[in-house]
Amino acid sequence: MGIHGLEAWRRRFGADREALERRRLSGVQQARRTAAALREIWPGIRQIWLFGSLLTDGFHEDSDLDLLLEGLPAEALIEATGVAERCGPLTPDLKRCEDLDPTLRQRLQRRARPLLGVTAPLGDEHAT
């Protein structure tokens, strides 16, 4: 492969990386919109955390939106998932704290970022 071919591949990979970063940032915005919408519909929600690949270098084109919710009524999970779907491009995966084993819940929370009551901006860091 000649120099022109290599340069074309570099441009293509660069464009792919940029598109993926735009998708990740759109997912972060979706998480914020979802948290606000869910809290408006179900004011008893005490906390919402963002976790998963959206916060890591492992984010890829098929990554989903992982949210952990505390205080969402069990019977509202399907409706809440629909709300999250309407807030952005990523497929939501909502988990209720109350349904999880305490060990799993703690592990998720250690790597998560709270979405409600956050004063620092969320979105530019890549936690691992």
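Let me start with one contact, in which the side chains of Glu70 and Arg46 come together as a salt bridge, with 3.5 Å from N to O. Glu70 belongs to strand 2, while Arg46 sits in the loop between helix 1 and strand 1, so this pair ties together parts of the chain that are 24 residues apart in sequence. Please keep in mind, as we go on, that this is a predicted model.

Are these two partners buried or exposed? Glu70 counts as buried, because its relative accessibility is 18% and the cut-off for buried is under 20%. Arg46, on the other hand, is exposed, with a relative accessible area of 51%.

The contact also has company, since Arg46 and Glu70 are part of a network of salt bridges that links them with Arg96, Glu98, Asp99 and Arg105. Within that group, Arg96 forms a salt bridge with Asp99, and here the closest N and O atoms are 2.6 Å apart; Arg96 itself is buried, at a relative accessible area of 8%.

How many salt bridges are there in the model? The count comes to eight. One of them joins Arg23 and Glu61, whose closest N and O atoms are 3.5 Å apart. Arg23 lies in helix 1, which covers residues 3–41, and Glu61 lies in the loop between strand 1 and strand 2, so this pair ties together parts that are 38 residues apart in sequence. Arg23 is partly exposed, with a relative accessible area of 22%, and Glu61 is also partly exposed, with 48%.

Now let us return to strand 2, where Glu70 is found. Six of the six residues of this strand are buried, so strand 2 is largely enclosed by the rest of the structure. In a regular strand the side chains alternate between the two faces of the sheet. Here both faces are covered, with Leu65, Leu67 and Leu69 buried on one side and Asp66, Leu68 and Glu70 buried on the other.

What are the neighbours of strand 2? Strand 1 pairs with strand 2 in the antiparallel sense over five bridges, and Trp49 stands opposite Leu68 there. Strand 3, residues 92–96, runs parallel to strand 2 and is joined to it by five bridges, with Asp66 opposite Asp93. Between strand 2 and strand 3 the chain passes through helix 2, residues 77–86, and this β-α-β crossover is right-handed.

Finally, a word on the cysteines: Cys87 is buried at 13% relative accessible area, Cys97 is buried at 2%, and the count of disulfides in the model is zero.

How values were computed. Residues numbered from 1 in each chain as written. Predicted model: local features only at pLDDT ≥ 70, side-chain atom pairs only at ≥ 80, totals over all residues. Heavy atoms only, no water. Salt bridge = Lys/Arg side-chain N within 4 Å of Asp/Glu carboxyl O. Helix = DSSP H or I, 4+ residues; strand = E, 2+ residues; numbered from the N terminus. Buried < 20%, exposed > 50% of the residue type's maximum accessible area, 1.4 Å probe, protein only. Disulfide = S-S within 2.5 Å. Pairing = 2+ DSSP bridges. Right-handed = clockwise from strand over helix to strand, strands pointing away.
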